[in-house]
Every structure is written in structure tokens, then in C-alpha cells.
Amino acid sequence: MAEKSKWDDELEKLLKEYPMHPFRPLAYYDKHLDCIRVQVKECSYTEERINRFFTLWYANHSEPNNCIGFTIKGVAHIFVKMGLPKTSPTPIVKVLDTILKLYPEQTVNDTVEQIRGCFTSFLQLPVDELSYT
């Protein structure tokens, strides 16, 4: 058996300081890309851009159309236009409802309905830290 290197010791120390935690569904604001990302399963995925607001994430290595997350783009504009709070957690469902009010076009409506169908139990996930200023 090979001897432990200094890198092995460093890695072991790092893992003790920052232990891994089980995956939990999450929603967060990516300020660099001005989007909200929602992920409900930990796996590799492929993204499909649906329209100007939504990108759906499909799990690789599983049954077809197994949606495990999505992205909402242009968040700062939506929040400013509708006067949504940027300092407190906002549930995903409120963001989706706001997009439908602002942009009632068919492709947006269809995508929101698809998201609601796939992510019913996750739509109350809060999006924290919407620091887009």
C-alpha cells in the first residue's frame, strides 16, 4: 500500500473541517447571471432553454424528461417592476405568479404550468439574498 502524501493529510483535514452534508433541494439567486436557480435532485443534468425566462434541467442517466431543476432569468427586472422585496426570502411560487402577471404569453404560461406540475412540493422554497443592486 502506498504511503500517505502531504496532500492526503491536507484533504483529510479539510474534510474534517467541512464535512459533507446530504443534498437538500435549494433555490438561490445568482447575482452574476441575474437568475434564480432551483435544484431538487443532486445529479448531472442537461439544460434546455425554453424561452426568454426559463431553462429546464433534465437529469442525465435516467428516464426521459426527468426534470430536476430550472432557471429563471432576468430576475432583477421582474422584482423591480413588480415591487417584490429583495431583502427577505421570496417563495418561488410568488416569482412564477409575478412572471405570469407581467408576461401572460402562451409559452410562458405553458412553462410555468410544466414547472408547477414537476415541482409542486418545492414551490414554497424561499430564495434568499436577492442582492441585485
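Start by selecting Lys16: at 63% relative accessibility, this residue is exposed. The model is a predicted one.

Keep Lys16 on screen and add Glu12. The two form a salt bridge, with 3.7 Å between the closest N and O atoms. Now show helix H1, residues 6-17. Glu12 and Lys16 sit 4 residues apart in H1, so about one helical turn separates them. Colour by accessibility next. Glu12 is partly exposed, with a relative accessible area of 37%.

Next stop: Arg37 and Asp30. Which residue does Arg37 pair with in a salt bridge? The partner is Asp30, and the closest N and O atoms are 3.4 Å apart. Are these two side chains buried or exposed? Arg37 is buried, at a relative accessible area of 14%. Asp30 is buried as well, at 15%. Both values count as buried because the cut-off is under 20% relative accessible area.

Move on to helix H4, residues 106-118. Select Glu113 and Arg116, which lie 3 residues apart there, about one turn of the helix. Their side chains meet in a salt bridge, 3.2 Å from N to O. Check the accessibility of each. Arg116 is partly exposed, with a relative accessible area of 23%. Glu113 is also partly exposed, at 42%.

Now add Asp97 to the selection. What links Asp97, Glu113 and Arg116? A network of salt bridges does.

Last, zoom out to the whole model. How many salt bridges does the count come to? The count is 5. Among them are Glu12 with Lys16, Arg37 with Asp30, and Arg116 with Glu113.

Methods
Residues are numbered from 1 along each chain as its sequence is written. This is a predicted model: local features need pLDDT of at least 70, side-chain atom pairs count only at pLDDT 80 or more; totals for chains, interfaces and linings use all residues. Side-chain values use heavy atoms; hydrogens and water are left out. A salt bridge is a side-chain nitrogen of Lys or Arg within 4 Å of a carboxyl oxygen of Asp or Glu. Helices (H or I, at least four residues) and strands (E, at least two) are DSSP runs, numbered from the N terminus. Buried means under 20% relative accessible area, exposed over 50%, partly exposed in between (1.4 Å probe, protein chains only).
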